[in-house]
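Take a look at the structure below. A few questions and answers follow.

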Amino acid sequence: MPKFAANLSMMFNEVPFLERFEAAAKAGFKAVEFLFPYEYPAELLAEKLKQNGLKQVLFNTAPGDVAAGEWGLTALPGREREAREDIDRALEYAIALGCPNVHVMAGVVPEGADRLAHRKTFIDNIRYAADRFAPHGIKVLIEALSPPIKPNYLFSSQHQALALIEEINKPNAFVQLDFFHAQLVDGNVTNIIQSMAGRYAHIQIASVPERHEPDSGELDYNWIFNKLDEIGYQGWVGCEYKPRGETAAGLGWVKPYL
Ligand SMILES: O=C(O)[C@@H](O)C(=O)CO
Ligand SMILES: [Mg+2]
């Protein structure tokens, strides 16, 4: 049976960020994920987790200058020093929070730029992250983002993500498989679940195309959860969706699993 983590960047937005830990625990979650921890001291977040009996299962490296259109620095040639500082900072937070996975964000490739140079920079930086994280038992994750959410991201398909992981060739580097993006870009998700088994270490879910609760839309998540059980998926499933209304009112679909 899948294990579900509340995504505190998208869920429980009825309350300020630091209060979302308690809201998730009250709703029955045992684990959380969110985009970025860096506004807060790691000790404060570790305390929130402890107070509420929660595990942290995922967060991301810093996005760079979001207002300027950045969404990760790891694939940007010439920005290696900053990207690696961000990776080192993420490692400090991951250790403090006991978090087993970090999504190392690639970045947006500017119009007309050399995509192959960006790809090579990304591979070099992910290998650096994998080597830094390995002694701590922490995994590096990479995620394909669909064009409607992040146009010109370095990669949008699960097949590109897998090819990158194969080329990176590090034992602690895995795909973060977000079915919302996978359905928008690739489809054929049963085949993705089966053919990529063992290469993804974290999953995210939402309805398609609205990105709401995973109980409507074009994907049948009961089917998907059964397929994940069949292949023996052991990782977490992050609920990365925008609730249709109040978060707690939309949790009927997850109650049997909590
Ligand atoms: O799907 C997403 O957008 C997120 O999982 C993420 O990490 C960054 O965009
Ligand atoms: Mg995602």
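**Strand β6 and its surroundings**

In this predicted model, all six of the six residues of strand β6 (residues 173-178) are buried, so the strand is largely enclosed by the rest of the structure.

Q: How many bridges join strand β5 to β6?
A: Strand β5 covers residues 139-142. The strands β5 and β6 run parallel. The number of bridges joining them is three.

Q: Which residue in β6 is the bridge partner of L141?
A: Strand β6 spans residues 173-178. The partner of L141 lies in this strand. That residue is F174.

Q: Which helix gives the largest share of the largest nonpolar core?
A: The largest nonpolar core has 77 residues. Those with the most contacts inside it include V32, V140 and I142. The largest share of this core is six residues, and they come from helix α3 (residues 80-97).

Q: Which residues does V32 touch, not counting residues up to four places away in sequence?
A: V32 is among the residues with the most contacts inside the largest nonpolar core. A5 and A6 are also among those residues. With those up to four places away in sequence not counted, V32 touches A5, A6, L8, F21, A24, L54 and Q56.

Q: How many charged residues does the shell around ligand 1 have?
A: Ligand 1 is surrounded by L35, N60, H103, E143, L145, I149, D178, Q204 and E240. By class, three are nonpolar and three are polar. The number of charged residues is three.

Q: What is the mean pLDDT of the chain?
A: The model scores ipTM 0.99 and pTM 0.98. A pLDDT of 70 or more is reached by 100% of the residues. The mean pLDDT is 98.

Note on methods:
Residues are numbered from 1 along each chain as its sequence is written. Chains are lettered from A and ligands numbered from 1 in the order in which they are written. This is a predicted model: local features need pLDDT of at least 70, side-chain atom pairs count only at pLDDT 80 or more; totals for chains, interfaces and linings use all residues. A residue is near a molecule or strand if its C-beta atom, placed from the backbone, lies within 6 Å of it. Ala, Val, Leu, Ile, Met, Phe, Trp, Tyr, Cys and Pro count as nonpolar, Asp, Glu, Lys and Arg as charged, and the others, Gly among them, as polar. pLDDT is the predictor's confidence in each residue, from 0 to 100. A nonpolar core is a set of buried Ala, Val, Leu, Ile, Met, Phe, Trp, Tyr and Cys residues joined through C-beta atoms within 7 Å. A residue is buried if 20 or more other C-beta atoms lie within 10 Å of its own, exposed if 12 or fewer, and partly exposed in between; C-beta atoms are placed from the backbone. Helices (H or I, at least four residues) and strands (E, at least two) are DSSP runs, numbered from the N terminus. Two residues are in contact if their C-beta atoms, placed from the backbone, lie within 7 Å. Two strands pair if DSSP finds at least two bridges between them.
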